Amino acid sequence: MEKSLKNTKKPMGLSTKIFIALIAGAISGVLIHYFMPAGYIRDSVIVEGVLYVIGQGFIRLMQMLVVPLVFCSLICGSMAIGDTKTLGKVGIKTILFYLLTTAVAVSVALSVAMLINPGIGVTIENVSTSSVTITEKQPLTQTLLNIIPKNPVESLATADMLPIIVFALFVGILLAKMGNKASTVANFFSQFNDLMMEMTMAVMKAAPIGVFCLIARTFANIGFDAFVPMLKYMGCVILALAIQCFVVYQLLLFLFTRLNPFKFLKKFFPVMNFAFTTATSNATIPLSINTLDKKLGVSKKISSFTIPLGATVNMDGTSIMQGVAVIFVAQIFGITLSPSDLVTVIITATLASIGTSGVPSVGLITLAMVFQSVGVPTEGIALIMGIDRILDMLRTAVNITGDAVCTTIVANQEGLVNKETFNSDVTVDN
């Protein structure tokens, strides 16, 4: 009897371990900030030594995987679809959906921010600031030209994602067209993609330790004090993210597929949790594809194409932060934005989300482009950097949920969703 009980005991899943690490990291960080005296041991050895090195080491491990993972996933995805006509149809649907949801996300963010007015009553002296470096804004014509790689190897080396996507799709389409004549090359990319998936899952095993150190360092540095004057801004971003994730996405899912949004959220929650704790869309690619396939019945033929693409071009959570930040900083500086300015913000934030790398806090850099489009001082970005890490985690979870909803809708329209699997109550922890 005792032996059978031992055999039926379910091992703790990765998502559970990560969540425990998140809570433990937050508690440890608060204890370090408030109860450990400032000095060399606390600041240099623990916070900026052990916690920083391990946390950033974990982030670097994930960044190491980004380029080969996205490159191989997109080649295999475009190869799997095979027919260029079908690929073109799926690609257009996917990109249009991503652009639509991003525009809706910015509109939701602006509406919530104008309703709550987060910047009114907040003075610059009361807000935690830090330095920020802004790169020069490129003209739209140059941005469009840069999508076409002059040197694909250079793009791969510098992690320039849009040219990588274009080149990967080109390679995948031609491999599918050539068929058996290019079977050796096709098999190489297929096997290399499997290798990258395995490598990502191996790195994920270190996620609880990495998450603990990242969160502990964040709270050890800022404690709760930095949050108080920023509560209205944080509240706006969180409310807009919640509306986008739990209302907009789920309505779209139901309207286009008639599938149960609650089942979708329940089964996809471990992926959302992982994205929240790591704050990087790219690291969730294998987990998203695996969950969509095994729990939600979405064919890998579609997800292996749409998920890596979404990790690069679909940043609804980031766009929401940008929409709220524009209103917040404009109000602090006493700038009144006209209706045409708000339309400009929607267009610019939507375009800025394309090509935003799925790595932590990159949205702060593209935010400069949005600020400049309506004449809001880019110095205002420094006002929100202190608490951006927490919000970055939340918006990453929203980003990958949008990718998964789009994938499910497109796959359903192509008849590639197993509805029995989707509606099944059996779930496997990752």
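Is Asn117 buried, partly exposed or exposed? Keep that in mind as you look around; the tour will come back to Asn117 in its loop. Please note before starting that this is a predicted model.

**The whole chain**

Begin with everything shown as a cartoon. The protein chain holds 19 helices and zero strands. Now colour by burial: of the 430 residues in the protein chain, 51% are buried. Contacts also reach across the sequence. Among contacts in the protein chain with a separation of 6 or more, 85% join residues 24 or more positions apart.

**The annotated spans**

Next, select residues 20-41, 61-82, 94-116, 161-178, 199-220, 232-256 and 365-387. An unreviewed UniProt entry annotates these as "transmembrane region". Zoom in on two of them. Residues 94-116 are 100% helix and 0% strand, and 33 Å separates the C-alpha atoms at the two ends. Residues 199-220 are 91% helix and 0% strand, with end C-alpha atoms 31 Å apart.

**Two loops and their positive phi angles**

From the end of residues 94-116, step on to Asn117. Asn117 sits in the loop between helix H4 (84-116) and helix H5 (140-146). Its relative accessibility is 24%, so Asn117 counts as partly exposed. Check the backbone here too: Asn117 is not a glycine, yet its phi is positive, at about 55°.

Now select Arg258, in the loop between helix H10 (231-257) and helix H11 (261-278). Arg258 also has a positive phi without being a glycine, with a value near 60°. How buried or exposed is Arg258? Arg258 has a relative accessible area of 56%, so it is exposed.

**Into the largest core**

Move along to Phe264 and show its side chain together with that of Tyr233. These two have the most contacts inside the largest nonpolar core, which has 118 residues. Which helix gives this core its largest share? Helix H3 (residues 40-81) does, with 14 residues.

Stay with Phe264 and display what it touches. Beyond neighbours within four places in sequence, Phe264 is in contact with Gln250, Leu253, Leu296, Thr401, Ala404, Val405, Thr408 and Phe422.

Pick Thr401 from that list. Thr401 belongs to helix H18 (residues 388-413). Thr401 counts as buried because its relative accessibility is 0%. With residues up to four places away in sequence left out, Thr401 touches Cys245, Tyr249, Gln250, Phe264, Phe268 and Met272. Gln250 is in contact with Phe264 and is also touched by Thr401.

**A second core and a meeting of helices**

For the next stop, select Ile32, Cys213, Ala216 and Ala220. They are included in a second, separate core of six residues.

Then show Phe219, found in helix H9 (residues 207-222). With a relative accessible area of 13%, Phe219 is buried. Add Val30, in helix H2 (residues 14-35). Val30 has 16% relative accessibility and therefore counts as buried. What is the separation in space between Val30 and Phe219? Their C-alpha atoms are separated by 5.5 Å, though the two residues are 189 residues apart along the chain. Ala26 makes another pair with Phe219: their C-alpha atoms are separated by 6.1 Å, across 193 residues of chain.

**Two crossing helices**

Now select helix H8 (residues 183-204) and helix H12 (residues 285-294). Two packed helices are described by the angle between their axes and the distance between the axes. Here the angle is about 105° and the axes are 9 Å apart. H8 and H12 are therefore roughly perpendicular to each other.

Show the side chains where they meet. Met197, Thr200, Met201 and Met204 come from H8, while Pro286, Leu287 and Ile289 come from H12. By class, this contact of H8 with H12 has six nonpolar residues, one polar residue and no charged residues.

**Last stop: Val329**

Finish at Val329, in helix H14 (residues 316-332). Val329 has 0% relative accessibility, so it counts as buried. Which residues does Val329 contact, leaving aside neighbours within four places in sequence? They are Phe371, Val376, Pro377 and Gly380. Draw a C-alpha to C-alpha distance from Val329 to Phe371: it is 9.1 Å, for residues 42 apart in sequence.

Technical notes:
Residues numbered from 1 in each chain as written. Predicted model: local features only at pLDDT ≥ 70, side-chain atom pairs only at ≥ 80, totals over all residues. Heavy atoms only, no water. UniProt positions renumbered as here; feature names shortened; annotations may be inferred. Helix = DSSP H or I, 4+ residues; strand = E, 2+ residues; numbered from the N terminus. Core = buried A, V, L, I, M, F, W, Y, C linked by side-chain atoms within 4.5 Å. Buried < 20%, exposed > 50% of the residue type's maximum accessible area, 1.4 Å probe, protein only. Contact = heavy atoms within 4.5 Å. Axes fitted to C-alpha atoms, helices over the stretch in contact; angles between N-to-C directions. Parallel < 35°, antiparallel > 145°, perpendicular 65-115°, else oblique. Nonpolar A, V, L, I, M, F, W, Y, C, P; charged D, E, K, R; others polar.
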